[in-house]
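Me: Could you take a close look at the enclosed space inside this protein, and then walk me through whatever else helps me read the model with care?

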Amino acid sequence: MTTRNNKAVANAVVISAMLFAASPVSAGTVSGKLTSADGDAIAGAIIRLTDVQAGISESVYSDARGEYVLETDLQGELRLRFRAHYFADHEEQIVLPDASASLGKDVRMTALDADREVSESLAASYHFNELPFDTGEDEPFTRDKFQLECLSCHQLGNPFTRTVRPAESWQQTVQRMHAYMGAMDITEKDRRRAEIFAEGFDGKPTEMRPEFPFDDALAHTKVYEYQLPSSGVPHDAYVHSENGLVYTVDQFADGMYVTNLEKGETEFVPHPEQGMPLGGIFTVLGVPPAMNKVNVRHGPHSLAEGHDGKLYVTNSYSASIGVFNPETNAWEQKIPLPGNAPYPHTIRVDRKGILWFSVVGTEQIGRLDPKSQEVTLIDLPEPRPVAITPSVLTYGVAVSTLDGSIWYSRLWGNRIGRIDPDTLEVTEIESPVFGPRRLRFAEDGILWQTGYGHGEIARIDTKTMDMKVYEMPEFAPDARPGPYSLNIAPKTGDVWVNETMTDHIYRFDPEQERFIAYPAPLRGTYTRDVTFTEEGWACMTNNPIPVQALEEFTGVLMCLDPNYRR
């Protein structure tokens, strides 16, 4: 215990030193106190300052006394917004004339009292819970199966997706979604699912009233947001180990965003055509346009840094691995995948520099030697679907920090597996959590994974196969979070969890075994993967599908600094 505590203290000292060194000599300041009409302090409110022209926002949270201090380099005409659960937003324009300006701003916030106002302020999860799910464990349309399938790409229950529609209209959407997974025939289950949507999304306010606890960690956190202009689906983001720039692949904009956090500047580098038609490999294969995103050629999805410093990207629409060179800031010639591997998904790099990636649909794991550009596809065991659609979605990939073995997850198959990197022998086991999505190894060799269907994360000791499951916070009965992905902060060992339905980001402390929930600045938040800066910021993209479902209608690169010095 003493060794562990000393390590934690040492880490804290290192982080504080880096933050102090990175702090500006002078900064503008907005500060004040938030209270209710009765004068009670409002804790955990979000104070968000935005330079609309630059597309940059900075946010802090009020402390237990309702007080806040927001230090900023933003200058000029700015938009200041105050947001708190069950209170009306307060927004105004302010001016910070220079980098040393200070502004005091106390706000008395107005409580929401109308049922519809309260309902409209709540995240998608609480509207999703209004659907009349099946209650029998073996029935097809239980809440967890619905969450596993229908929330895998986008939210259900936000204003964009909970519109009032008859069952016949919903059925067209259901059929299109099923067609994406190769299920072309209209079935009775399609009709039943459409009826559930029509009945549950009836336009009435939700009666759910989640309770959001305040954690003092919020008072020491700052959130930075950088808009990604003209983004479609900005998917995974990655902080490069050498230059510190953040690289974000955009699946539907067909290219790479490059963000300099220090300067607050972002540029977009489109992926060259490289012989791919609109619709990519799916057009080549003759897939009907109704099942295809026809204005996409490559669909870059996930990325990993090779030992050569280049970024290797799963091109989900061109059945290839894209290669982006940060030194030239340009795409190099893509590496085509052999045989039938139409949708490469998540990619990771092992200690020898070999790239490993999942292939959705054909249920394979790929191996790429970047030096020879030789690609090997490994067939996985016969799929066993656990959801409604007859697919399993081989999804996440992780490289063991203990023995270099490759682990993967099968989202709709409820299985995780191990591949010997030398013999390519495959072993599968049942997942300890329902709907295993993405997974990562910590430096101590522990495997962490998300369970999307039940809102859980799992800790797996792959040496002993001891497993422990942690339920994520539930702010209202049965409104389970949707944990998409996770990553382990290298300096602290904390597990950061992406989430898709509650407008929160979560941090799990393995030593204390507790979660900290950070309210996101924007409604409609749907984050994908976590990457870390040298200073310890946790960065991720924010992009529901479609991007118009996100408040302000533009995809965002979001970074949380959990060690904000007030």
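Reply: In this predicted model, the count comes to one cavity of 30 Å³ or more, and about 250 Å³ of space lies in the largest cavity. Its lining is made up of 19 residues, and those closest to the centre are Arg83, His85, Ser121, Asp503 and Arg523. Sorted by class, the lining of the largest cavity holds 11 nonpolar, five polar and three charged residues. Such spaces come to light in a simple way, for rolling a probe the size of a water molecule over the atoms shows where empty space is left.

The cysteines can be read with the same care. One disulfide is counted, and it joins Cys539 and Cys559, whose sulfur atoms are 2.1 Å apart, within the 2.5 Å that the rule for a disulfide asks for. The link of Cys539 and Cys559 is right-handed, with 110 degrees about the S-S bond. Because Cys539 lies in strand E35 (residues 538–542) and Cys559 in strand E36 (residues 556–561), the pair ties together parts that are 20 residues apart in sequence. Cys539 is buried, with a relative accessible area of 0%, and Cys559 is likewise buried, with a relative accessible area of 0%.

Cys150 makes a useful contrast, because its sulfur is 10 Å from the closest cysteine sulfur, that of Cys153, which is too far for a bond. Cys153, in turn, is in no disulfide. Cys150 is buried, at a relative accessible area of 14%, whereas Cys153 counts as partly exposed, at 44% relative accessibility.

Notes:
Residues numbered from 1 in each chain as written. Predicted model: local features only at pLDDT ≥ 70, side-chain atom pairs only at ≥ 80, totals over all residues. Heavy atoms only, no water. 1 Å grid on protein atoms, 1.4 Å probe; cavity = no way out; pocket = protein on both sides within 12 Å on 5 of 7 lines; lining within 4 Å. Points joined across faces, edges and corners; volume = space filled by probe spheres on them. Nonpolar A, V, L, I, M, F, W, Y, C, P; charged D, E, K, R; others polar. Helix = DSSP H or I, 4+ residues; strand = E, 2+ residues; numbered from the N terminus. Buried < 20%, exposed > 50% of the residue type's maximum accessible area, 1.4 Å probe, protein only.
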